[in-house]
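User: Hi! I have just opened this structure and would like a friendly tour of it. Could you take my questions one at a time?

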Amino acid sequence: MSEQKESSVLFSLKELMNLEEDRIKTEEAQKAAAAAAAEKARIEAERAAREAEELRIRTEEERRRNEERRAREEAARLEAIRQAEIEKARVEAEQKARLEAMAAQQHHERSLAALQQDESKKKLRKLLIGGAIASVLVIGGVTIAAVKSAQENEARIAAEAARARELEEANKRLEAQFKESEGKMAALRDQLASAKDEATRLSLQKQLEQEQQKQDQLRSSRGGGGRPAAGGAPASGGGAKAPCNCAPGDPLCSCL
């Protein structure tokens with residue numbers, strides 16, 4: 001009877017040991033599965049971040065190419081307008097000079113014909129000849145003035161076109177820097193939201209603050225003062241609003 005009890009106790013102990021081993025194996029399997037799932041999630045997050053960055057780079061490159069193409073087209077348009085205005089001024093000056101020369105020549109010929117019919121008006125003939133010479137000199141002066149005006153107009157148009165191109169390039173550079181900073185801030189916010197430890201969060205938060213300061217500096221560089229106070233009131237508290245010094249169409253202008 002005692003042997004049966006000992007066998008029963010040994011059997012029970014063995015069953016308990018088997019159950020404990022099964023429990024330990026189950027916990028280890030669960031831990032391994034959780035670790036594998038976490039690693040898979042990390043790999044997927046890194047892949048998604050890489051794909052997002054690659055898409056941002058491709059989008060930025062395409063935008064840059066489009067802006068360069070539009071800038072070339074605008075420069076060609078302005079150059080065509082300038083050349084057309086120069087040619088128009090030259091043609092008008094030449095036509096005016098020809099018409100005045102023809103009118104002077106016709107007047108001179110009529111005067112000579114009248115003088116040939118009346119020899120007694122030799123003195124008048126000399127005067128008319130002198131007047132014709134004076135007319136030719138006046139026409140020459142008009143032609144020179146017209147050419148000089150066309151040259152001055154060409155120089156003015158070239159200077160205005162150059163200034164417009166400089167302003168456009170400066171605005172594009174600032175806009176590109178601002179958009180790049182916006183992309184970095186978005187990426188930093190995503191990384192901050194998924195950060196696991198405090199050190200990483202502090203580092204990402206510091207980088208985010210630096211990018212925000214960079215954006216504030218970009219705004220300050222155009223219009224001299226960043227964002228206006230809430231409600232549209234001047235930051236100084238009721239004084240006259242500062243004049244806007246931004247270029248027309250500036251996307252970073254603080255006056256908007």
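User: Thanks! How much space lies in the largest pocket?
Analyst: Happy to help, and please keep in mind that this is a predicted model. Rolling a probe the size of a water molecule over the atoms shows where empty space is left. For the largest pocket, that space comes to about 580 Å³.

User: Which helix gives the largest share of the lining of the largest pocket?
Analyst: Three helices each supply at least two residues of this lining: H1 (2–117), H2 (122–193) and H3 (198–221). Nine lining residues come from one of these helices, and that is the largest share. The helix you are looking for is H1.

User: Which residues lie nearest the centre of the largest pocket?
Analyst: The lining of the largest pocket has 19 residues. By class, it has eight nonpolar, four polar and seven charged residues. Nearest the centre are Ala45, Ala49, Asp190, Gln191 and Ser194.

User: How far apart in space are Ala187 and Ala52?
Analyst: Ala187 sits in helix H2, and its relative accessible area of 27% makes Ala187 partly exposed. Along the sequence, Ala187 and Ala52 are 135 residues apart. In space, going from C-alpha to C-alpha, the distance between Ala187 and Ala52 is 9.0 Å.

User: Let's look at the surface. Is Leu10 buried or exposed?
Analyst: Leu10 belongs to helix H1. Together with Leu13, Leu16 and Leu19, Leu10 makes a nonpolar surface patch of about 420 Å². Exposed means over 50% relative accessible area. Leu10 has a value of 57%, so Leu10 is exposed.

User: Now for the charged side chains: how many salt bridges does the structure hold?
Analyst: Side chains of opposite charge can pair when their charged atoms come close. One such pair is Glu94 with Arg90, joined in a salt bridge at 2.6 Å, N to O. Counted over the structure, the number of salt bridges is 20.

User: What separates Glu94 and Arg90 along helix H1?
Analyst: Glu94 is partly exposed, at a relative accessible area of 34%. Arg90 is also partly exposed, at 35%. The two are four residues apart in helix H1, so what separates them is about one helical turn.

User: Which residue meets Arg23 in a salt bridge of 2.3 Å?
Analyst: Arg23 is partly exposed, with a relative accessible area of 38%. The partner is three residues away in helix H1, so about one helical turn separates the pair. That partner is partly exposed too, at 35%. The residue whose side chain meets Arg23 at 2.3 Å, N to O, is Glu20.

User: And which residue meets Arg23 in a salt bridge of 2.6 Å?
Analyst: This partner lies four residues from Arg23, about one turn of the helix, and both are in helix H1. Its relative accessible area is 34%, so the partner counts as partly exposed. The side chain that meets Arg23 at 2.6 Å, N to O, belongs to Glu27.

User: One last thing: which residues are linked in a network of salt bridges?
Analyst: A salt bridge here needs a side-chain nitrogen of Lys or Arg within 4 Å of a carboxyl oxygen of Asp or Glu. In this network, the nitrogen side comes from Arg64 and Arg65. With the Glu residues included, the linked set is Glu61, Glu62, Arg64, Arg65 and Glu68.

Methods: Residues are numbered from 1 along each chain as its sequence is written. This is a predicted model: local features need pLDDT of at least 70, side-chain atom pairs count only at pLDDT 80 or more; totals for chains, interfaces and linings use all residues. Side-chain values use heavy atoms; hydrogens and water are left out. On a 1 Å grid over the protein atoms alone, a cavity is a set of points where a 1.4 Å probe fits but cannot get out, and a pocket is an open set with protein on both sides within 12 Å along at least five of seven lines; lining residues have an atom within 4 Å of a point. Grid points are joined across faces, edges and corners, and a volume is the space filled by probe spheres set on the points. Ala, Val, Leu, Ile, Met, Phe, Trp, Tyr, Cys and Pro count as nonpolar, Asp, Glu, Lys and Arg as charged, and the others, Gly among them, as polar. Patches are made of residues with over 30% relative accessible area and no salt bridge: like charges are joined within 9 Å, nonpolar side chains (Val, Leu, Ile, Met, Phe, Trp, Tyr) within 5 Å. Accessible areas come from the Shrake-Rupley method with a 1.4 Å probe; for residues, only the protein chains shown count as cover. Buried means under 20% relative accessible area, exposed over 50%, partly exposed in between (1.4 Å probe, protein chains only).
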